[in-house]
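Trainee: I have a new model on my screen and would love some company while I read it. Could we go through it together?

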Amino acid sequence: YLAHRGALLVGFAAADVRPGRGDWAVGVRESHRRRGVGRSLGASVIASLHARGAVPYATAWALDPVAAPFLRALGFGVERTYLYLERPL
């Protein structure tokens, strides 16, 4: 999917569909963020994945100040993950 403003490409969404799973990505030009472009692109690509019977997956750093609210707005749950390193006994 592509988003244009006149002749300028301002965003894209792409999906990789595998049996039962759909990975996807969205990119929006910095000057056009916070205007609903990413949300529209994301909703379109997710609807396309659902129509193909693929479960959309999203992976992002849970504390990312941009990715976490964006994914929540699209209906994803965002979890915090803590990694602990332990020394062997």
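Mentor: Gladly! Patches are made of residues with over 30% relative accessible area and no salt bridge, with like charges joined within 9 Å and nonpolar side chains (Val, Leu, Ile, Met, Phe, Trp, Tyr) within 5 Å. This is a predicted model, where local features need pLDDT of at least 70, side-chain atom pairs count only at pLDDT 80 or more, and totals for chains, interfaces and linings use all residues. Residues are numbered from 1 along each chain as its sequence is written, and side-chain values use heavy atoms, leaving out hydrogens and water.

Trainee: How much accessible area does the nonpolar patch on the surface have together?

Mentor: Areas come from the Shrake-Rupley method with a 1.4 Å probe, and for residues only the protein chains shown count as cover. A salt bridge, which patch members lack, is a side-chain nitrogen of Lys or Arg within 4 Å of a carboxyl oxygen of Asp or Glu. Leu2, Leu9 and Phe12 form the patch, and their joint area is about 280 Å².

Trainee: Is His32 buried or exposed?

Mentor: Buried means under 20% relative accessible area, exposed over 50%, and partly exposed in between (1.4 Å probe, protein chains only). Leu9, at 37%, is therefore partly exposed. His32 has a relative accessible area of 10%, so His32 is buried.

Trainee: Which side chain does His32 join in a polar contact?

Mentor: Such a contact is a pair of N or O atoms within 3.5 Å; within protein, one must be able to donate a hydrogen and the other to accept it, and residues adjacent in sequence count only if both atoms are side-chain atoms. Here the contact is 3.0 Å, and the partner is Ser31.
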